[in-house]
Amino acid sequence: MKSKHFYLRFKQPLYVKMFCTYSAIIICIVTVLTLYFISDSKKRLLESNRELVERTGRQALDYIEETGRAADYIYRDLYRSSLELNDLLEYLRREPEEYVEYSLQQYSASADLVYKGIFLFFNEAFEAYRQLEKIEVISYQTSRLTEYYPEKMVYPGKDGRPRMKQIQNNHYSKRGKLVYLKEIRHPDTMRPVGCILFEFEAADTFESIRDDSPYTHMAVISGEDEVIFQRPKGEDYRRLIRQDQYIVSTESVRGFQVHTFMEERQASRMSASRMMLFLTVGVVVSAAGMLNIQLYVKRLTRRVEQILEAMNQVTTGDFRVRLTAGSKKDELDMIAENFNDMCGKLETYITKSYLEEIERKNAWMQALQSQINPHFLYNTLEAIRMKAICNGDREVGKMLYSMVVLFRSQLKEADIITLGQELDYCKQYMELFEYRYQNSFHSSVECPAELLSMPVIKFVLQPVIENYFIHGIQRDRQDNLVRVVARRRDDTLFLYVQDNGCGMDAALLEEKNSQLKENCIPKNNTGSIGIENVNRRIKAAYGDNYGVSIEEAQPCGLRVILRLKAGQPSSRDVRTDDGNIRSAENVSDVVAEEGGIE
């Protein structure tokens with residue numbers, strides 16, 4: 001019932017922990033993906049607006065190129081028609097009254113009574129090019145200015161000197177207009193006699209081009225650095241295009257510069273509807289993921305609960321319980337199948353032989369309990385070992401052999417043995433635990449050959465290793481390891497017992513070394529005192545300069561260092577706590593009487 005009560009007590013926190021962990025993972029993933037898609041959408045929007053800015057600039061350049069070609073065509077067409085060109089030259093050379101008389105004479109001399117003069121030529125130009133709003137003709141000889149407009153509107157005889165001054169200063173452009181200057185030269189002498197200015201509409205056309213991209217700024221500048229068109233108004237375009245946060249496209253054609261630019265923050269700004277779409281999708285995906293996680297965790301905890309309930313029934317002695325193994329073939333299904341197989345085998349084994357054998361052994365042990373002695377136990381173990389070997393169970397035989405060797409060494413061996421014998425006892429002892437923790441514990445012993453015959457006191461390594469199995473081994477690991485290494489430095493023999501177990505707290509390690517150095521066992525120590533006994537035995541046999549110390553091993557675990565004198569232990573007498581005098585050869589008996597070796 002304990003396992004079931006434990007599970008029922010901690011089921012809800014475990015469920016909440018798993019649900020919160022997986023939900024947090026889902027939320028993090030969805031959040032990252034949502035931010036990625038939002039960022040990617042902004043980048044795409046920025047690139048789209050960057051192309052829009054460039055396209056807007058190209059459209060403005062195309063219009064400038066179109067009006068410029070129109071002005072070039074009108075100018076070239078004028079030189080291709082000798083009648084219109086001669087009429088224009090006469091118009092520029094003569095006074096208004098003289099020109100009228102000249103034009104009447106030409107009209108009278110015409111056979112079809114049609115006079116092709118400059119007025120008719122310009123009217124046809126207005127009809128051909130709707131964007132052409134005005135033509136200005138200036139005579140260098142008379143400084144007279146004549147303005148031509150569509151619908152045959154003409155304003156002759158104006159003073160052209162102010163306009164000529166503007167042309168000389170290269171400031172003849174007008175805001176909202178595209179003005180092209182063409183100089184008129186006499187075809188015979190190539191001397192300039194006047195000029196023509198073609199004025200095209202610009203503001204409305206540029207405004208319509210910009211309407212396709214309302215967030216795009218546009219500035220059209222003439223060759224004289226005069227602003228022809230700028231939207232939005234009131235801002236200094238020069239300052240804006242120099243800022244890093246603006247996307248800028250600048251191109252030139254026919255002496256005009258077109259600057260189109262847009263603020264990057266505005267260019268990458270997403271609409272509220274698209275932002276809400278991304279957020280809504282993220283919330284829906286997160287909710288769906290959390291719902292699936294909730295269902296999965298509930299199914300998992302339900303299967304775990306079934307396994308624990310079955311294990312609880314087994315603890316009551318009911319081996320007929322069986323788990324239902326699903327078709328998923330995951331770890332829980334494998335546990336269920338192995339559990340069912342184990343219960344079946346246990347039930348069969350216990351029914352047939354185990355209970356009968358236990359009853360027989362109990363009766364036999366009770367009969368011999370008052371008569372048993374160590375030699376009888378040794379002989380019994382040897383008989384059991386031989387029986388196991390005869391039955392083909394060599395593993396049990398090896399374990400019993402190691403046990404027999406250890407038991408016999410305690411009964412028959414002297415207190416002073418060789419280092420080789422001590423290491424052999426140590427190996428036998430560790431082999432027992434290798435059988436016990438199969439595939440999860442390993443051991444090794446290293447010792448130079450010349451040290452094997454060195455005399456040492458008996459059983460100084462076994463309590464240290466036993467202390468590891470009591471306090472240090474980690475049963476959930478597969479790489480538990482104990483290494484025993486023997487080394488000699490000058491007249492000191494060092495025995496190292498190093499493990500990779502759970503180790504010891506630094507403060508407790510310092511306290512333990514202090515106790516070993518002072519050669520005392522704390523009165524409140526309720527754990528193993530095997531290491532303290534070994535320390536006292538070594539100091540009693542070899543002196544206070546020798547003994548046991550503990551240090552941290554790398555990367556984990558402890559290393560116990562035993563310092564012994566290289567050679568025969570001292571034959572000096574040792575005074576025990578009870579005041580008796582014993583020789584060092586029997587010092588193990590002293591320690592055994594004071595508490596024994598755990």
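**Salt bridges, loops and cysteines in a predicted model**

D72 is buried, its relative accessible area being 14%. Here buried stands for under 20% relative accessible area, exposed for over 50%, and partly exposed for whatever falls in between, as judged with a 1.4 Å probe and protein chains only. The areas themselves come from the Shrake-Rupley method, with a 1.4 Å probe and, for residues, only the protein chains shown counting as cover. The structure is a predicted model, in which local features need pLDDT of at least 70, side-chain atom pairs count only at pLDDT 80 or more, and totals for chains, interfaces and linings use all residues. Residues are numbered from 1 along each chain as its sequence is written, and side-chain values use heavy atoms, with hydrogens and water left out.

D72 is a good place to start looking at charge pairs. Side chains of opposite charge can pair when their charged atoms come close. The term salt bridge is used here for a side-chain nitrogen of Lys or Arg that sits within 4 Å of a carboxyl oxygen of Asp or Glu. The structure holds 25 such salt bridges. In one of them, the side chain of D72 meets that of R254, with 2.8 Å from N to O. This pair links distant parts of the chain, 182 residues apart: D72 belongs to helix α1 (residues 2-80), while R254 sits in the loop between β8 (246-253) and β9 (256-263). Helices (H or I, at least four residues) and strands (E, at least two) are DSSP runs, and their numbers count from the N terminus. In contrast to the buried D72, R254 is partly exposed, at 33% relative accessibility. The two residues also take part in a wider arrangement, since E65, R69, D72, K182 and R254 are linked in a network of salt bridges.

Which residue does E133 meet in a salt bridge? The partner is K177, and the distance from N to O is 2.5 Å. Because E133 lies in strand β1 (residues 132-139) and K177 in strand β4 (residues 177-185), the pair ties together parts that are 44 residues apart in sequence. Both residues fall in the middle category of exposure: E133 is partly exposed at 25%, and K177 is partly exposed at 22%.

A further salt bridge joins R231 and E207, whose closest N and O atoms are 2.7 Å apart. R231 is part of strand β7 and E207 of helix α6 (residues 203-211), so this pair ties together parts that are 24 residues apart in sequence. E207 is partly exposed, with a relative accessible area of 22%.

R231 has a second feature to look for in the structure. The peptide bond leading from R231 to P232 is cis, with omega near -5°. P232 lies in the loop between β7 (227-231) and α7. Helix α7 (residues 237-241) is home to L240, which is buried at 3% relative accessibility. The C-alpha atoms of L240 and H217 are separated by 9.6 Å, the two residues being 23 apart along the chain. Another cis peptide bond runs from Q554 to P555, with omega near 5°. P555 is placed in the loop between β15 (547-552) and β16 (558-565).

Loops also hold residues with positive phi values. Phi of N439, a residue other than glycine, is near 65°. N439 belongs to the loop between α13 (419-436) and β11 (441-446) and is exposed, at 62% relative accessibility. D490, likewise a residue other than glycine, has a positive phi near 55°. D490 sits in the loop between β13 (480-489) and β14 (492-499), and its 70% relative accessibility makes it exposed.

What is the count of disulfides? With a disulfide taken as a pair of cysteine sulfur atoms within 2.5 Å, the count comes to 0. C502 shows why: its sulfur is 9.3 Å from the closest cysteine sulfur, in C556, which is too far for a bond. C502 is partly exposed, with 45% relative accessibility. C195, by contrast, is buried at 1%.
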